[in-house]
Amino acid sequence: MRILFVGDVVGRAGRTVLLERLPGLRTDLRLDAVVVNAENAAGGYGLTAQIAGEFFAGGVDLVTMGNHTWDQRELVGHIDREPRIVRPLNMAPGTPGRGTAELTTVRGHKLVVTQVLGRLFMGMTDDPFRALEAELRRHVLGGTVQAILVDVHAEATSEKTALGHFLDGRVSLVAGTHTHIPTADLRVLPGGTAYVTDVGMTGDYDSVIGMDKAASLHRWRSDVPGQKLQTATGPATFCAVLVETDDRSGKALRAEPVRLGGSLVEALPAGLR
């Protein structure tokens, strides 16, 4: 399978570059599935039903969320009706929505996507290790499913790396999100799992992690509350990871970064060079 995972889409700038670039990438890279982290898509704060619909119409198969899942309160009522939206698996029992989604591709292959929130420097959540251990009892890589993708939405690089090693050989891709800065450690681990600490955001990098830099600088330099942070609106960079998996084992054969447009140095996968 050829799976594209797109890092945190931030605001209108991120949405625009996603919807502009994705149709061509689906064709040029012969993608089987596209998964997008969308927890900052609505002005930097959560996701609306309308934006989710635009993403699905534009070629996105599944979206993951994160610690901003409920910033747009309308999602509380909408998420149970939309199985393509994945909220963190390790939220408290009884939380609306699903922590895992399954997708059957055009070629008949099954992809499972799940997400966990980290605990270090984040909020109060259940143990992501235990949550994933229980979930993976239901899905056998290379057996009941052909690929498994885990979005680790966490602050600490150490916690993300530990989860990557914990999952090595049992999932196809562990993709870190949340910090909005792409890391240079994309690789295939010894057990056959592709791993990256952070995919990076899909948004305007002439900013402070996607938010307007003037207002952000005021917050850093003053103890007086300022205006609510707004997303940056300049040209955005499309940040993603492309992973190709073995159809029998489900393990990663290769993984490549994809960075297009905006102010970051571009990274082109083999299909676009």
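Which residue in E11 is the bridge partner of Leu 4? In this predicted model, that partner is Leu 242. The bridge belongs to the pairing of strand E1 (residues 2-6) with strand E11 (residues 238-245), which run in the antiparallel sense and are joined over 5 bridges.

These two strands are part of an open sheet of 6 strands. Its order is E4-E3-E2-E1-E11-E12, and the pairing is mixed. At the edges stand strand E4 (85-86) and strand E12 (252-260); each has a single partner strand, so one side of each is left without a neighbour in the sheet. Helix H2 (residues 49-57) packs on the sheet, where it touches strand E2 (33-37), strand E3 (62-64) and E4. The direction of helix H2 makes about 135° with that of E3.

E11 also pairs with E12, again in the antiparallel sense, over 8 bridges. Within this pairing, Val 241 has Pro 257 of E12 as its bridge partner. The two strands form a hairpin with 6 residues between them. Gly 250 lies in the turn of this hairpin and has a positive phi of about 80°.

The aromatic residues offer another view of the structure. The count comes to 1 aromatic pair. The rings of Phe 129 and Phe 166 have centres 5.2 Å apart and planes at 75°; the pair is edge-to-face because that angle is over 60 degrees. The pair links distant parts of the chain, since Phe 129 belongs to helix H4 (residues 128-136) and Phe 166 to helix H5 (residues 157-167), 37 residues apart. Phe 129 is partly exposed, with a relative accessible area of 24%, and Phe 166 is likewise partly exposed, at 27%.

Phe 166 has a charged partner as well: the charged end of Arg 170 sits over its ring, 4.7 Å from the centre. A further arrangement of this kind involves Arg 84, whose charged end sits over the ring of Phe 56 at 4.0 Å from its centre.

Attention may finally turn to His 178, found in the loop between strand E8 (173-177) and strand E9 (187-188). His 178 has a relative accessibility of 14% and therefore counts as buried. Its side chain makes a polar contact of 3.3 Å with the side chain of Asn 67, and another, of 3.2 Å, with the side chain of His 153. Leaving aside neighbours within four places in sequence, the residues in contact with His 178 include Asp 8, Glu 39, Met 122, Ala 154, Glu 155 and Asp 198.

Conventions. Residues are numbered from 1 along each chain as its sequence is written. This is a predicted model: local features need pLDDT of at least 70, side-chain atom pairs count only at pLDDT 80 or more; totals for chains, interfaces and linings use all residues. Side-chain values use heavy atoms; hydrogens and water are left out. Rings of Phe, Tyr and Trp (its six-membered ring) pair if their centres lie within 6.5 Å; planes under 30 degrees apart count as stacked, over 60 as edge-to-face and the rest as tilted. Helices (H or I, at least four residues) and strands (E, at least two) are DSSP runs, numbered from the N terminus. Buried means under 20% relative accessible area, exposed over 50%, partly exposed in between (1.4 Å probe, protein chains only). A charge sits over a ring if NZ of Lys or CZ of Arg is within 6 Å of the ring centre and within 35 degrees of the ring normal. Two strands pair if DSSP finds at least two bridges between them. Contact means heavy atoms within 4.5 Å. Axes are lines fitted to C-alpha atoms, for helices over the stretch in contact, and angles run from 0 to 180 degrees between N-to-C directions. A polar contact is a pair of N or O atoms within 3.5 Å; within protein, one must be able to donate a hydrogen and the other to accept it, and residues adjacent in sequence count only if both atoms are side-chain atoms.
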